[in-house]
Amino acid sequence: MTARTIDGKAIAAEIRAEVKRDVAALAEQGITPGLATVLVGDDPASHVYVRTKRKACGEAGIRSWDHDLEASVPEQELLELIERLNSDDEVHGILVQLPLPEHVREQTVLDAVRPHKDADGFHPYNFGRLLAGSPLVASATPAGIQELLIRSGVEIAGKDVVIVGRSNIVGKPLAALLMQKGAGANATVTVCHTGTEDLAGHTRRADILIAAIGRAKAITAPMVKEGSVVIDVGMNRTEDGLVGDADYDAVKEVASAITPVPGGVGPMTIAMLLANVVKLARSTI
Ligand code: NAP
């Protein structure tokens with residue numbers, strides 16, 4: 001069996017077109033959704049991500065404000081900027097690009113963003129609401145993965161979903177999303193990590209296997225159940241270029257569907273971020 005490729009780029013383009021229509025509808029009510037992005041330091045990957053997000057805002061008709069700060073910025077200065085953005089009525093969403101420099105307490109900064117302006121859904125309030133099943137906004141990458149599965153016709157309800165990775169930005173919120181009782185969820189979710197014994201034993205049971213590990217080609221073909229769906233979140237820069245967490249060429253001979261890297265989950269993250277900004281803008285009406 002050769003897996004069909006789940007085209008994240010095409011599905012993301014669909015969502016971005018919907019976002020653009022929503023932005024135009026809001027404009028008729030006198031509202032232009034706006035996103036403030038905060039970038040600290042000179043991490044090259046972060047610069048690429050933030051540039052892509054800003055460009056995507058422009059294409060959707062979302063206003064964006066760029067705040068690029070030196071790596072040495074004192075934490076207090078960063079918190080004061082967030083406070084100003086919290087009070088600015090034109091700013092509907094605030095995104096602080098992670099990682100932050102070591103001298104800045106990441107959680108303190110994320111906690112400072114007003115929950116109703118939390119474009120990434122990283123604030124504990126939004127994290128809690130997500131777990132409770134009534135998210136204001138869900139983190140963009142997990143929400144993008146759920147949407148990718150739904151729009152590519154993959155049944156989630158009743159399936160065994162195995163997520164490898166338990167980070168606060170991917171694994172944990174994704175587990176919370178997919179375990180909910182409701183449409184596009186209702187799965188039986190297992191979360192694996194470095195403390196998991198017999199990782200392959202778990203992954204081989206998965207109807208839907210989601211790899212969010214950050215290790216190139218860590219998911220090999222023998223770890224994958226015949227006919228399963230594999231979602232590869234990983235973005236690993238190697239000598240061969242950008243590669244995922246799954247050994248794509250081998251795994252696609254076992255799975256029934258798989259996301260490529262690049263062109264799978266990545267574009268969905270951007271699309272869902274834009275959708276979150278529109279949601280936050282709409283919630284101010
Ligand atoms: P992270 O914070 O480093 O978390 C990695 C997780 O994988 C941890 O829970 C870790 O377990 C687990 N893990 C690592 N090695 C493992 C192993 N050998 N066996 C089992 N579990 C293992 O990473 P992240 O931020 O979630 O990102 C994961 C990957 O997704 C990265 O490649 C990142 O670049 C990518 N990503 C992509 C997008 C996108 O839009 N496409 C968005 C976010 C992240 P422990 O908790 O036990 O350490």
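Let me begin with one residue, Thr141, which touches Ile169, Val170, Val233, Val265 and Thr269, leaving aside residues up to four places away in sequence. Before going further I should say that this is a predicted model, and that the values I quote are computed from it. Thr141 is found in helix H6, which runs over residues 140-151, and its side chain makes a polar contact of 3.0 Å with the side chain of Thr269. Is Thr141 buried or exposed? With a relative accessibility of 17%, and with buried meaning under 20%, Thr141 counts as buried.

Thr269 leads us on to the ligand, because a residue is taken as near when one of its heavy atoms lies within 4 Å. There are 21 residues around the ligand, and those that come nearest are Arg166, Ser167, Thr194, Arg215 and Thr269. If we ask which helix gives the largest share of this shell, the answer is helix H10, spanning residues 265-282, from which three residues come. In character, the shell residues divide into nine nonpolar, ten polar and two charged.

Let me now go through some individual distances at the ligand. An N or O atom in the side chain of Thr194 is 2.4 Å from an oxygen atom of the ligand, while for Arg215 an N or O atom of the side chain is 2.8 Å from a nitrogen atom of the ligand. With Met235 it is the backbone that takes part, since one of its N or O atoms lies 2.9 Å from a ligand oxygen. As for cover, the ligand has 930 Å² of accessible area on its own, and the protein covers 71% of that.

Stepping back to the chain, the domain assignment gives domain 1 as residues 30-114 and domain 2 as residues 138-265. The centres of domain 1 and domain 2, taken over C-alpha atoms, are separated by 28 Å.

The last residue I would like to show you is Asn126, which lies in helix H5, residues 124-132. Which residues does Asn126 touch, not counting those up to four places away in sequence? They are Pro115, Asp118, Gly121, Leu136 and Val137. With Asp118 there is also a polar contact, made between the two side chains at 2.7 Å. Asn126 has a relative accessibility of 0%, and therefore counts as buried.

Methods
Residues numbered from 1 in each chain as written. Predicted model: local features only at pLDDT ≥ 70, side-chain atom pairs only at ≥ 80, totals over all residues. Heavy atoms only, no water. Polar contact = N/O pair within 3.5 Å; in protein donor to acceptor, adjacent residues only side chain to side chain. Areas by Shrake-Rupley, 256 points an atom, 1.4 Å probe, with all protein chains shown as cover. Helix = DSSP H or I, 4+ residues; strand = E, 2+ residues; numbered from the N terminus. Nonpolar A, V, L, I, M, F, W, Y, C, P; charged D, E, K, R; others polar. Domains from an automatic or database assignment. Buried < 20%, exposed > 50% of the residue type's maximum accessible area, 1.4 Å probe, protein only. Contact = heavy atoms within 4.5 Å.
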